[in-house]
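Here is a short tutorial in questions and replies. Keep the model open while you read.

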Amino acid sequence: VLETVKKLRWCPDVIHCHGWMTALAPLYIKKAYKDEPSFRDAKVVFSVYEDDFKNTLSDDFATKLMLKGITRKDLGDLKEPVDYAALCKLAVDYSDGVIQNSEKVDESIIEYARQSGKLVLDYQNPENYADACNEFYDQVWETAADNNNHESKIRLNSFTGNHFLEL
């Protein structure tokens with residue numbers, strides 16, 4: 001998906017990664033693709049679900065993550081064998097915001113996000129979900145812009161008209 005976005009020269013404002021299957025995308029976007037014009041200014045949101053797996057990933061998982069632009073240091077405290085919580089925490093490390101997308105999730109991941117200073121959107125009822133997410137995307141964008149000392153950025157009030165990519 002990331003290569004397709006790059007080839008189409010599309011520049012998403014927010015990339016929303018859903019669940020553990022997309023947990024490597026924030027790392028790749030912020031490190032391996034950081035100099036790509038399509039991703040340079042993109043903000044990443046990671047959603048945590050009640051979709052954990054019980055086993056661990058291969059013993060050499062961290063080695064397999066290495067791409068141009070990614071070092072062992074970028075993997076922080078990732079200990080092998082890697083389990084569900086460790087994989088999601090890696091995603092949190094490279095995300096600008098985290099959404100709890102199921103009522104019951106591994107609370108250690110949400111707590112890790114909060115302790116890391118990440119913006120967190122708690123679980124929302126289906127009736128409120130779309131509006132809450134739009135407000136959260138705006139908050140992620142504005143917080144990241146403030147952190148990067150962007151003095152002016154022309155954008156719409158919600159992401160309805162902006163570039164948005166869901167993985």
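The dialogue below goes from the cores to the strands, the loops and the aromatic rings.

Q: What kind of model is this, and how are residues numbered?
A: This is a predicted model, in which local features need pLDDT of at least 70, side-chain atom pairs count only at pLDDT 80 or more, and totals for chains, interfaces and linings use all residues. Residues are numbered from 1 along each chain as its sequence is written, and side-chain values use heavy atoms, with hydrogens and water left out.

Q: How do I read a nonpolar core, and which residues touch the most other members of the largest one?
A: In soluble globular proteins, nonpolar side chains tend to be buried together. A nonpolar core here is a set of buried Ala, Val, Leu, Ile, Met, Phe, Trp, Tyr and Cys residues joined through side-chain atoms within 4.5 Å. Buried means under 20% relative accessible area, exposed over 50%, and partly exposed in between (1.4 Å probe, protein chains only). The largest nonpolar core has 37 residues, of which Leu27, Phe46, Val48, Leu65 and Leu75 touch the most other members. Two or more residues come from each of helix 1 (2-8), strand 1 (14-18), helix 2, strand 2, helix 3, helix 4 and helix 5. Helix 4 gives the most, with seven residues. These elements are DSSP runs, numbered from the N terminus: helices are H or I with at least four residues, strands are E with at least two.

Q: What does Leu27 touch?
A: Contact means heavy atoms within 4.5 Å. Not counting residues up to four places away in sequence, Leu27 touches Ala32, Leu65, Ile70, Asp74, Leu75, Leu90 and Tyr94. There is also a second, separate core of 10 residues, which includes Ile99, Leu119, Cys133 and Tyr137.

Q: How many residues of helix 4 are buried, and what covers them?
A: Seven of the 10 residues in helix 4 (residues 84-93) are buried. They are Tyr84, Ala85, Leu87, Cys88, Leu90, Ala91 and Val92. The cover includes helix 2 (25-32), strand 2 (43-48), helix 3 (61-64), strand 3 (97-100) and helix 5 (107-115).

Q: Where do the buried residues of helix 5 fall, seen down its axis?
A: The buried residues of helix 5 are Ile109, Ile110 and Ala113. Seen down the axis, they fall within an arc of 95°, so they line one face of the helix. The arc is that of the directions from the helix axis to the C-beta atoms. These buried residues pack against strand 2, helix 4, strand 3 and strand 4 (119-121). Gly117 follows helix 5, and its phi is positive, near 85°.

Q: How do I read strand 3, and which residues are buried on its two faces?
A: In a regular strand the side chains alternate between the two faces of the sheet. Strand 3 is covered on both faces: Gly97 and Ile99 are buried on one side, Val98 and Gln100 on the other.

Q: In what sense does strand 3 pair with strand 2 and with strand 4?
A: Two strands pair if DSSP finds at least two bridges between them. Strand 2 and strand 3 pair in the parallel sense over four bridges. Ser47 stands opposite Ile99 in strand 3. Strand 3 and strand 4 also pair in the parallel sense, over three bridges. Here Gly97 stands opposite Leu119 in strand 4. From strand 3 the chain crosses through helix 5 to strand 4, and this β-α-β crossover is right-handed. That is, with the strands pointing away from the viewer, the path from the first strand over the helix to the second runs clockwise.

Q: Are the loop residues Arg9 and Ser95 buried or exposed?
A: Arg9 is exposed, with a relative accessible area of 72%. Arg9 is in the loop between helix 1 and strand 1. Its phi is positive, about 60°, although Arg9 is not a glycine. Ser95 counts as buried, at 2% relative accessibility. Ser95 is in the loop between helix 4 and strand 3. Leaving aside neighbours within four places in sequence, Ser95 contacts Pro26, Val44, Phe46 and Lys118.

Q: How do I read aromatic pairs, and how many are there?
A: A pair of aromatic rings is described by the distance of the centres and the angle of the planes. Rings of Phe, Tyr and Trp (its six-membered ring) pair if their centres lie within 6.5 Å; planes under 30 degrees apart count as stacked, over 60 as edge-to-face and the rest as tilted. A search of the whole structure finds three pairs. The rings of Trp20 and Phe53 have centres 4.8 Å apart and planes at 65°, so this pair is edge-to-face. Trp20 lies in the loop between strand 1 and helix 2, and Phe53 in the loop between strand 2 and helix 3, so the pair ties together parts 33 residues apart in sequence.
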